[in-house]
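Hi everyone, thanks for making time. I'd like to walk you through one structure today, so have a look at it first.

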Amino acid sequence: MQQGMISAARLISRGQKHGFAQGDLYLDTMPGVGLQRTSGVDSIITDSANSASSFNTGHKSSVSALGVYAGTAQDTLDHPKVETLAERVKRELGKCVGIVTNAEIQDATPAAAWAHTRARGDKDVIVDQLLNGVDNHSVFSNGNGLQAEIIMGGGGAYFHPPQSLNGTDYYEAFKEAGYTVVHTRDELLENAGAEKLLGIFHEGNMDVWLDRNVFTDNIRAPLNTGSPVNLEGPAEDQPGLMDMTRVALETLKNCPNGFYLYVESASIDKQMHPIDVDRALADLIELDESIGIALDFAKEDGNTLVVATGDHGHGFDVFGTVDTAIFNAGSTNVDKRHGVGLYANAGMPSYVDNDGDHFPDSWSPRFTLASGVNNFPTHSEDYQVSPVPRTPAILVDGIFVNNPEDDPEGIFLSGNINPRGSTGVHTLTDVTVYSYGPGSERLTGTFENTRIFFAMAEALGLGETQGSS
C-alpha cells in the first residue's frame with residue numbers, strides 16, 4: 001500500500017469534481033503523516049517478512065526472516081531471536097493481543113507478531129510457535145507461545161494433517177488451551193466476546209472483497225475448495241475485514257491492562273503482484289473502512305494510538321483514463337491506445353457510489369483508470385476489471401510469457417523484470433505512515449521503519465520506568 005494506490009482508491013471511492021475530492025478516506029483524516037524507509041539488512045528491496053519484523057521488533061532484518069537476526073545456521077530455527085512487541089507487552093505489562101488478517105494467519109506479516117524463523121515458509125512450525133512457543137527460545141516462563149487472545153484469518157491447511165506439524169490437530173490443541181474456535185462469519189458473530197477466540201475461515205488466503213461481493217462465482221467450488229471444515233467445498237461464509245476488526249475491538253476493549261491489535265489487509269499486496277488493480281483497490285477501500293472502525297473506537301476511548309501503513313510499496317500510479325468504448329473497438333495495439341486519455345483529454349473516470357457504501361456501484365464503467373506498475377512480466381492489459389483473478393504470465397520453457405487467456409483483448413506489454421519472474425515486485429519507495437492518538441507525533445517526518453516499533457512501544461507503556469504510572 002503506497003501513495004499512488006491510496007490516491008486511486010480515493011478517486012474511485014469518493015469521486016472528484018472541479019479538481020476537488022468529494023470526500024476524504026478515513027486515512028486522510030488522520031493528523032499524523034510520515035514516511036518510512038523500508039529497506040532491510042541484505043537488500044534495498046524488502047519483502048513482507050523483514051519489513052513487518054522491523055516494526056514488530058525495532059530491528060532491521062533480512063529477506064524472508066521473521067523475528068531473528070539472519071545468521072549462518074542451516075537450521076532455519078537456529079538463528080538469534082528477537083522478542084516481538086506482542087510478546088513483550090504480554091510478558092511485561094499483561095496486555096491482551098489480537099492478530100487479524102485476511103491472508104493465511106501464518107503469512108509473513110501477521111506471523112511477524114510472534115514467529116522466530118529464518119524462513120517465512122516454515123508455516124507448520126509458525127502455527128506451533130503461536131501455541132507452544134519456540135523450543136530453544138520462549139519469552140514465557142510457562143513455555144507457552146504468544147497465544148494471542150484474538151487470532152483471525154485463513155491458513156487452515158496448517159492446522160490439520162497432512163500439512164500441520166507432525167500431523168497435529170491444532171484446532172483441538174487450541175480448544176484445549178481455552179480457545180473458542182470458529183470457521184464462518186455467522187459463528188464469529190455468535191461468539192463475539194469470547195475470552196480467547198481462534199477464527200480460521202479459509203484453507204488458504206481468504207477471498208478478496210471483489211470476489212466475495214461482486215464476482216461471487218469465484219468463491220464457489222470447483223474454483224475454490226477453501227472451506228476449513230468441508231475440505232472439498234467452498235468457503236462461502238467468510239467474514240470481511242470490517243467484521244473481524246469490529247469483533248476484535250469489542251472483545252479486546254474488556255482487557256483490564258489494555259491491548260495491542262494488529263490488523264492486516266493482505267490482498268492489497270497479493271492482488272497488486274499480478275497487476276489485478278481492481279481487486280487491490282477494492283481491498284484498500286475495505287481496509288480504509290476498517291480503519292474508520294478503529295478510529296471511531298480510538299476517539300471514544302481517548303487513549304488509543306492508531307497507526308496505518310504498509311510493509312512496502314509497489315510501483316503503481318494512475319496516468320490518465322481509458323475510454324473503454326474506443327479501446328475495445330480497436331483491432332491493434334495502436335488503435336486501442338487511442339482510447340487512453342492524457343492530461344486534458346483524460347477527463348474524469350465514471351465510477352459512481354450512489355448507495356454511499358464507499359465502494360463503486362459498478363466496477364465496469366465506460367471511463368476507467370489508466371494505471372500501471374513500473375515493473376512487470378510480459379503480459380497484456382486492457383485497464384478493465386477482470387471477472388476472475390488475474391494470472392498475467394505463464395511459464396513456457398523456463399521463462400514467463402504472456403498468458404493469452406488472462407487478458408486477450410489487452411495491449412501487449414513486453415516485460416521488464418527477470419524472465420523467471422511471474423508477477424510484479426515490491427519497490428524502494430518510501431511508504432506513508434498515518435497515525436492518530438497519543439504518540440502520533442512520533443511518526444511524522446521521514447524515518448526508518450523501525451521507528452514504528454518504538455512509537456507503538458512508547459504508547460503501550462514500555463517506555464515507562466518500573467513503578468511509574
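I'll go through the disulfide, then some salt bridges, then a cavity and a surface patch.

Quick housekeeping: this is a predicted model, where local features need pLDDT of at least 70 and side-chain atom pairs count only at pLDDT 80 or more, while totals for chains, interfaces and linings use all residues. Residues are numbered from 1 along each chain as its sequence is written, and side-chain values use heavy atoms, with hydrogens and water left out.

So, how many disulfides does a search of the whole structure find? One, counting a disulfide as a pair of cysteine sulfur atoms within 2.5 Å. Cys96 is joined to Cys255, with 2.2 Å from S to S. Cys96 sits in strand β4 (residues 96-104) and Cys255 in the loop between α9 (241-252) and β8 (259-264), so this pair links distant parts of the chain, 159 residues apart. Helices and strands here are DSSP runs numbered from the N terminus: H or I with at least four residues for helices, E with at least two for strands. The S-S torsion is about -105°, which makes the disulfide left-handed. Cys96 is buried at 11% relative accessibility, and Cys255 is buried at 14%. Buried means under 20% relative accessible area, exposed over 50%, and partly exposed in between, using a 1.4 Å probe and protein chains only.

Next, salt bridges: there are 25, each a side-chain nitrogen of Lys or Arg within 4 Å of a carboxyl oxygen of Asp or Glu. One of them pairs Lys60 with Glu448 at 2.9 Å, N to O. Lys60 is in the loop between α2 (48-57) and α3 (85-93) and Glu448 is in strand β20 (residues 445-448), so the pair ties together parts 388 residues apart in sequence. Lys60 is partly exposed at 23%, and Glu448 is partly exposed at 32%.

Are Arg212 and Glu286 buried or exposed? Both are buried, and their closest N and O atoms are 2.7 Å apart in a salt bridge.

Back to Lys60: this residue also helps line the second largest cavity, along with others including Ser53, His59 and Tyr69. That cavity has a volume of about 30 Å³. For a cavity, think of a set of points on a 1 Å grid over the protein atoms alone where a 1.4 Å probe fits but cannot get out; lining residues have an atom within 4 Å of a point. The volume is the space filled by probe spheres set on the points, which are joined across faces, edges and corners.

Last, the surface: Phe319, Leu342 and Tyr343 make a nonpolar patch of about 400 Å². Patch residues have over 30% relative accessible area and no salt bridge, with nonpolar side chains (Val, Leu, Ile, Met, Phe, Trp, Tyr) joined within 5 Å and like charges within 9 Å. The areas come from the Shrake-Rupley method with a 1.4 Å probe. Phe319 lies in strand β11 (residues 316-323).

Notes: 1 Å grid on protein atoms, 1.4 Å probe; cavity = no way out; pocket = protein on both sides within 12 Å on 5 of 7 lines; lining within 4 Å.
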